[in-house]
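Take a look at the sequence and the model below. Then follow the text through it, one region at a time.

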Amino acid sequence: MLDPQMLRTDLHRTAEKLAQRGYQLDTEQWQQLEDSRKSVQVETEALQNQRTTISKSIGQAKAKGEDVQSLLDQVAQIGEQLEASKNQLKAILEEMEGVTLYTPNLADDSVPVGKDENDNVEVRVWGKPKDFDFELKDHVELGHVNQGLDAESAANLSGSRFTLLTGEVAQLHRALAQFMLDMHTQQHGYKEFYVPYMVNAQTMQGSGQLPKFADDAFITEDDRYLIPTAEVPLTNLVADTIIDEQDLPIKMTAHTPCFRREAGSYGKDTKGMIRQHQFDKVEMVQIVHPEHSDKALEEMTAHAEAILQALEMPYRVIVLCSGDMGFSASKTYDLEVWVPGENTYREISSCSNCTDFQARRMQARFRSVEVKKPQLVHTLNGSGLAVGRTLIAVMENYQNEDGSISIPAVLQSYMNGKTVINKA
RNA sequence: GGAGAGAUGGCAGAGCGGUUGAAUGCACUGGUCUUGAAAACCAGCGUACCUUAAUAGGGUACCCAGGGUUCGAAUCCCUGUCUCUCCGCCA
């Protein structure tokens with residue numbers, strides 16, 4: 001949610017910033033709502049004050065045994081007016097909320113203005129793609145020759161966009177998640193969490209998935225949502241709390257499956273396990289002091305990069321343009337890993353600073369020693385990394401001519417000391 | 001799944017339907033006292049919104065949530081959520 005104060009005092013500049021993201025705010029409608037809200041609210045509260053005052057005097061008069069009828073008549077009149085005024089105010093506030101809940105965060109000034117993914121800007125490149133002197137296989141072929149990746153069985157069990165992993169490939173998948181968690185907890189200062197995979201609607205709203213993106217999530221019969229990312233439960237841990245300033249920053253990580261409907265992505269990334277209804281991810285979340293969120297985003301991105309560096313896989317970092325960012329984000333870096341089988345870079349992580357956007361929805365605040373009033377925290381989240389896509393990248397980057405897959409040095413201890421997955 | 005109890009300020013814990021935003025204790029903050037500390041004593045101590053130049057003052061709302069009764073609701077009624085106890089079931 002945006003700062004309502006900002007919408008009031010700086011409406012047109014805010015609307016311009018939103019337009020950079022492709023969101024058209026109807027400023028005229030908003031101004032009208034705001035104007036009527038103001039007058040109706042003032043009126044309502046004045047009426048309420050009158051009613052309370054008279055009601056109190058009724059109590060006092062009764063206690064003294066005086067006649068109360070004239071007071072009752074007075075208050076009856078006010079009652080009707082008050083009722084009408086209250087309903088009007090409620091309707092206005094609901095309409096305003098309808099706008100604010102559907103309005104995305106503002107882009108940071110450092111974010112390139114652009115329309116879609118074509119306007120994203122490369123920030124840096126790490127590593128060089130290996131020179132392979134044999135014909136490359138993609139992960140689907142590699143999965144096939146190693147009998148570790150079985151799309152057909154998954155489709156039989158569940159339908160499209162599911163994957164079945166078996167044997168050493170499944171173990172490698174597990175090893176990757178373990179390795180990532182260990183790195184973030186032992187070297188990057190994150191606390192590990194095991195979280196619910198289903199959350200209620202309020203939680204989904206807190207981090208911005210609802211109400212606008214209801215179609216993207218799986219919902220259960222009892223109105224719970226399967227989490228699309230661990231960001232949702234982790235970030236909402238601070239919902240409705242006031243944190244001591246000295247407890248900031250809070251750094252959390254969790255390995256969870258992620259569930260996505262992928263509605264509207266028919267025909268996109270259908271080959272292999274790129275875009276799935278269910279995939280594993282190790283997520284990082286930070287709750288920070290507003291002054292430090294810029295720096296925290298750089299750090300968190302570096303934490304995600306550290307995984308790829310340890311795995312010695314080439315990647316690049318891009319900053320998303322204003323039009324390509326997610327709803328809650330103010331600034332986002334995507335990490336794209338080199339995928340030799342496709343001869344291209346593929347998104348494997350997304351790290352975002354959500355500033356106070358989620359915090360305002362969740363009412364997540366902190367109190368400092370200097371400022372008495374609780375202030376909103378800033379929230380950040382980043383993948384560190386998407387496990388399934390990392391698996392693909394490892395398979396393809398570490399493939400050998402005979403179809404076997406070498407195991408990256410840092411993962412060997414997680415693979416019972418094995419150094420290679422031999423083809424079946 | 002069955003039966004019962006409960007949800008009040010950071011915590012604990014009162015609260016006949018009428019001056020209760022809410023007693024009291026603890027914690028916390030400031031002060032007095034003290035060489036310093038403790039103790040004691042005094043004072044302060046919620047959040048959001050509106051109004052305002054104002055972190056001054058004034059107003060409104062909030063005692064789990066949402067409805068209702070009433071001139072007036074923390075207090076009465078209904079629904080929901082959550083917690084606890086007992087029984088059953090279960091990894």
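The paragraphs below start with the RNA, move on to the salt bridges and end with a histidine.

This is a predicted model. Begin with RNA strand B. The strand is surrounded by 19 residues. Arg8, Lys38, Asn49, Ser55 and Arg367 are the closest of them. Which elements supply at least two residues each to the surface near RNA strand B? They are α3 (27-64), α4 (69-100) and β11 (364-367). Of these, α3 gives the most, with 12 residues. Sorted by class, the surface near the strand has 8 charged, 6 polar and 5 nonpolar residues.

Now turn to the RNA side of this surface. Sugar or phosphate accounts for 64% of the strand B atoms within 4 Å of the protein. The rest of those atoms belong to bases. Three polar pairs show both kinds of approach. Asparagine 49 has a side-chain N or O atom 2.6 Å from a phosphate oxygen of RNA strand B. Arginine 367 also uses an N or O atom of its side chain, and a phosphate oxygen of the strand is 2.8 Å away. Serine 55 offers a polar backbone atom instead, 2.7 Å from a base nitrogen of RNA strand B. So each of the three pairs falls within the 3.5 Å that a polar contact allows.

Next come the salt bridges. Side chains of opposite charge can pair when their charged atoms come close. How many salt bridges does the structure hold? There are 14. Start with arginine 316 and glutamate 122, whose side chains meet at 2.9 Å, N to O. This pair links distant parts of the chain, 194 residues apart. Arginine 316 is in strand β8 (residues 315-319), and glutamate 122 is in strand β1 (residues 121-126). Are these two partners buried or partly exposed? Arginine 316 counts as partly exposed because its relative accessibility is 23%. Glutamate 122 is partly exposed too, with a relative accessible area of 42%.

A second salt bridge joins the side chains of aspartate 222 and arginine 224, at 2.8 Å from N to O. Aspartate 222 has 43% relative accessibility, so it counts as partly exposed. Arginine 224 has 39%, and it therefore counts as partly exposed as well.

Glutamate 283 and lysine 281 form another salt bridge. Their closest N and O atoms are 2.6 Å apart. Here both partners are buried.

Salt bridges can also be linked in a network, as with Arg8, Glu34 and Arg37. Arg8 has appeared before, among the residues closest to RNA strand B.

Finish with histidine 303. Where is this residue placed? Histidine 303 is in helix α10 (residues 293-310). The residue counts as buried because its relative accessibility is 11%, and buried means under 20%. What does histidine 303 touch, leaving aside its neighbours within four places in sequence? The contacts are His184, His188, Tyr190, Lys251, Met284 and Gln286. With tyrosine 190 there is also a polar contact, 2.8 Å between the two side chains. Lysine 137 lies elsewhere: its C-alpha atom is separated from that of histidine 303 by 30 Å. Along the chain, those two residues are 166 residues apart.

Technical notes: Residues numbered from 1 in each chain as written. Chains lettered and ligands numbered in written order. Predicted model: local features only at pLDDT ≥ 70, side-chain atom pairs only at ≥ 80, totals over all residues. Heavy atoms only, no water. Near = heavy atom within 4 Å. Polar contact = N/O pair within 3.5 Å; in protein donor to acceptor, adjacent residues only side chain to side chain. Helix = DSSP H or I, 4+ residues; strand = E, 2+ residues; numbered from the N terminus. Nonpolar A, V, L, I, M, F, W, Y, C, P; charged D, E, K, R; others polar. Salt bridge = Lys/Arg side-chain N within 4 Å of Asp/Glu carboxyl O. Buried < 20%, exposed > 50% of the residue type's maximum accessible area, 1.4 Å probe, protein only. Contact = heavy atoms within 4.5 Å.
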